[in-house]
Amino acid sequence: MKTPLLFIDRDGTLIREPEDEQIDSLEKLEFVPGVITALSRLAKSRFKLIMVTNQDGLGTPSFPEEDFHPAHNKMLSILAGEGVVFDAQHIDPSFPEDNLPTRKPGTAMLTPYMNGDYALAESFVIGDRATDVQLAVNLGCRAIFLETPNRPMPEFTPEQQAALALSTPDWAEVARFLCSAERTAEVKRTTAETDIHIRVNLDGYGPTHIDTGLKFFDHMLSQLPHHAGIALLCECRGDLETDEHHTMEDVAIALGDALRQALGDKRGIGRYGFALPMDECDAFADLDLGGRIDFAWDVNFTREYVGDTPTEMYKHFFHSLACALQANLHLRAAGENNHHLIEGVFKAFARCLRQAIARNENDRSLPSSKGVL
Ligand SMILES: [Mg+2]
């Protein structure tokens with residue numbers, strides 16, 4: 001798998017830019033609020049950090065090297081103390097009027113990243129100027145614009161606007177966005193029987209809205225975001241005039257597919273989950289996201305329907321979900337109240353899923369001795 005990159009601007013993005021736009025003394029060194037905590041999180045993510053900065057006239061009498069390095073090195077050592085080390089620093093010393101291709105938004109310093117060895121489409125430029133956004137356009141990646149309080153927003157070209165993934169004054173938001181962007185999926189599935197749109201975010205960012213046309217099924221599905229800590233958008237228009245079967249089956253398939261896609265390479269996840277008895281009905285769920293499909297079900301209902309859904313469809317729902325998710329899922333529940341049995345199974349499954357997808361930010365190894373999941 002190719003590594004995505006974060007091309008990060010320096011002045012105005014990592015450290016505050018003074019009015020004369022030149023940080024040439026230690027007194028002028030001041031970090032942008034929140035940047036150290038955010039970068040410390042991003043340094044542990046799948047991204048490599050690359051600094052790209054224009055330093056007008058560096059090495060000339062207008063900006064001698066000996067004025068630049070003390071503040072620059074101090075900045076690097078403070079960041080390194082928090083685990084933030086840049087894989088490379090690209091500093092262009094030219095003046096704007098030189099019009100050199102090395103100067104942002106030119107890419108002449110960055111050609112080693114453009115040879116196909118890196119995941120540029122999943123990479124971002126983070127900066128506080130329109131030229132940073134243009135750099136993203138020129139590199140073929142996306143941009144995150146760090147807004148500066150009290151400075152007007154630039155007028156972006158349509159091309160820049162299209163490359164803009166996020167605009168915010170808040171570094172914490174940048175880190176949240178980049179870390180959550182890793183585990184999302186969207187599935188649109190249209191057949192003669194159903195029309196389904198599902199979006200999931202395993203880290204809980206994003207809209208949650210559930211509407212399948214079956215009220216009791218919606219009530220059960222809404223246990224998933226609540227108890228699994230995921231964001232779930234699930235809309236289905238199905239042939240309910242026939243019966244509930246296609247709607248419940250196809251939502252299971254699309255949801256399992258979306259969860260499997262969002263898990264990606266599964267690095268750092270817990271993989272297994274388990275649940276303890278819940279409520280008075282004793283519901284248990286065992287789950288393995290290891291990629292092998294199996295399904296076991298031991299839940300007996302005494303009613304044909306609960307709400308507007310047939311009880312027999314819940315075995316089929318979870319079986320279809322396990323197949324699409326490529327998971328090993330065992331569910332069992334015992335009790336008297338059929339509503340509680342179903343809800344108990346959904347809650348146990350959701351809690352189980354929460355543990356199985358939970359990712360250890362400090363350990364991105366695969367949870368398998370085989371080296372593949
Ligand atoms: Mg800048």
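## Magnesium site

Asp9 and Asp11 are both buried. In this predicted model, the two residues take part in binding a magnesium ion, together with Asp128. Asp9 and Asp128 each coordinate the magnesium ion through OD, while Asp11 does so through O. The coordination distances run from 2.1 to 2.2 Å. Along the chain, the donors of the magnesium ion are spaced as D-x1-D-x116-D.

## Helix 9 and helix 10

Helix 9 covers residues 312-325 and helix 10 covers residues 338-357. The axes of these two helices lie 12 Å apart and meet at an angle of about 15 degrees. Helix 9 is therefore roughly parallel to helix 10, as angles under 35 degrees are counted that way. The crossing of helix 9 and helix 10 is right-handed.

On the side of helix 9, the contact is made by Tyr314, Phe317, Phe318 and Leu321. Helix 10 contributes Ile342, Val345, Phe346 and Phe349. Sorted by class, the contact of helix 9 with helix 10 has eight nonpolar residues, with no polar and no charged ones.

## Tyr314

Tyr314 is located in helix 9. Its relative accessibility is 1%, so Tyr314 counts as buried, the cut-off being under 20%.

Beyond its neighbours within four places in sequence, Tyr314 is in contact with Ile342 and Phe346, two residues that helix 10 brings to the contact with helix 9. Tyr314 is also in contact with Phe216, Phe217, Met220, Met248, Trp297 and Thr309. Ala252 is 62 residues from Tyr314 along the chain, and the C-alpha atoms of Ala252 and Tyr314 are separated by 9.9 Å.

Technical notes: Residues numbered from 1 in each chain as written. Predicted model: local features only at pLDDT ≥ 70, side-chain atom pairs only at ≥ 80, totals over all residues. Heavy atoms only, no water. Axes fitted to C-alpha atoms, helices over the stretch in contact; angles between N-to-C directions. Helix = DSSP H or I, 4+ residues; strand = E, 2+ residues; numbered from the N terminus. Parallel < 35°, antiparallel > 145°, perpendicular 65-115°, else oblique. Left-handed = near helix turned anticlockwise from the far one by under 90°. Contact = heavy atoms within 4.5 Å. Nonpolar A, V, L, I, M, F, W, Y, C, P; charged D, E, K, R; others polar. Donors = N, O, S within 2.8 Å, 3.2 Å for Na, K, Ca; no water. Buried < 20%, exposed > 50% of the residue type's maximum accessible area, 1.4 Å probe, protein only.
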